[in-house]
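User: I would like a close look at one part of this protein, the sheet and what surrounds it. Could you take me through it in one connected account?

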Amino acid sequence: MVDFHKRILFSDEAHFWLNGYVNKQNCRIWSEANPQVYVETPLHPEKLTVWCALRAGGIIGPYFSKTMKATTLQSMVIGIEP
């Protein structure tokens, strides 16, 4: 496999909640004050998923979806020419 490096694909996805919710697990806000604020959010808020990939041939995407599943990603990646 002489062109092995051309077959490497780096990808990532991000979720954006349409009601303004921010996942505190992935977001750090530094402040001198320590406010104890509780915000009620719906159990299953509507969100948008963005997927993008990078390979030797360039950038793939971004793809936007409200219902992105592993099978959807798999079919997109299989259809990419090396």
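Analyst: Happy to. The protein exposes about 7,300 Å², and carbon and sulfur atoms supply 58% of that area. Please keep in mind that this is a predicted model. The mean pLDDT of the protein is 76, and 67% of the residues score at least 70. Of the 82 residues, 10% are buried.

Let me set the sheet in its context. The protein has three strands and one helix, and from the N terminus on they come in the order β-β-β-α. Among these elements β2 has the highest mean pLDDT, 88, while helix α1 (residues 70-78) has the lowest, 70. Among contacts with a separation of 6 or more, 62% are between residues 24 or more positions apart.

Strand β2 is a good place to start, as it pairs with both of the other strands discussed here. With strand β1 (residues 9-17), β2 runs antiparallel, and nine bridges join the two. One of the facing pairs is Asp 12 and Cys 52, the latter in β2. With strand β3 (residues 58-65), β2 is again antiparallel, this time through six bridges. β2 and β3 also form a hairpin, with two residues between them.

On the β1 side, His 15 is a useful residue to follow. His 15 sits in strand β1 and is partly exposed, because its relative accessibility is 31%. Leaving aside neighbours within four places in sequence, His 15 is in contact with Lys 47, Leu 48 and Thr 49. For Leu 48, the separation along the chain is 33 residues, yet the C-alpha atoms of His 15 and Leu 48 are separated by 5.7 Å.

Thr 49 then takes us across to β3, where it stands opposite Ser 65. Ser 65 lies in strand β3, and its relative accessible area of 17% is why it counts as buried; the cut-off for that class is under 20%. Setting aside neighbours within four places in sequence, the contacts of Ser 65 are Leu 48 and Thr 49. So Thr 49 appears in the contacts of His 15 as well as in those of Ser 65, and Leu 48 likewise appears for His 15 and for Ser 65.

Strand β3 has another feature to look at. Gly 61 and Pro 62 are joined by a cis peptide bond, with omega about 10°. Pro 62 has its place in strand β3. As background, most peptide bonds are trans.

Now for the hairpin and the surface around it. Leu 54, which is in strand β2 (residues 47-55), stands opposite Ile 59 in β3. Leu 54 is partly exposed because its relative accessibility is 45%. Both Leu 54 and Ile 59 belong to a nonpolar surface patch of about 540 Å², whose other members are Phe 4, Ile 8 and Phe 10. Residues enter such a patch with over 30% relative accessible area, so Leu 54, at 45%, passes that cut-off.

Arg 7 brings in the segment before β1, where it has its place. Arg 7 is exposed because its relative accessible area is 55%, and the cut-off for exposed is over 50%. The C-alpha atoms of Arg 7 and Arg 55 are separated by 7.5 Å, although the two residues are 48 apart along the chain.

Finally, there is a charged contact. The structure holds one salt bridge, in which the side chains of Glu 46 and Lys 66 meet at 2.8 Å, N to O. This pair links distant parts of the chain: Glu 46 belongs to the loop between β1 and β2, Lys 66 to the loop between β3 and α1, and they are 20 residues apart. In general, side chains of opposite charge can pair when their charged atoms come close. Glu 46 is partly exposed because its relative accessibility is 47%, whereas Lys 66 is exposed because its relative accessible area is 52%.

To draw this together, β2 is joined to β1 by nine bridges and to β3 by six. The pair of Leu 54 and Ile 59 is part of the bridging between β2 and β3 and of the nonpolar patch, while Glu 46 and Lys 66 make the salt bridge from loops outside the strands.

How values were computed: Residues numbered from 1 in each chain as written. Predicted model: local features only at pLDDT ≥ 70, side-chain atom pairs only at ≥ 80, totals over all residues. Heavy atoms only, no water. Patch = residues over 30% accessible without salt bridge, like charges linked within 9 Å, V, L, I, M, F, W, Y side chains within 5 Å. Areas by Shrake-Rupley, 256 points an atom, 1.4 Å probe, with all protein chains shown as cover. Salt bridge = Lys/Arg side-chain N within 4 Å of Asp/Glu carboxyl O. Helix = DSSP H or I, 4+ residues; strand = E, 2+ residues; numbered from the N terminus. Buried < 20%, exposed > 50% of the residue type's maximum accessible area, 1.4 Å probe, protein only. pLDDT = per-residue confidence, 0-100. Pairing = 2+ DSSP bridges. Contact = heavy atoms within 4.5 Å.
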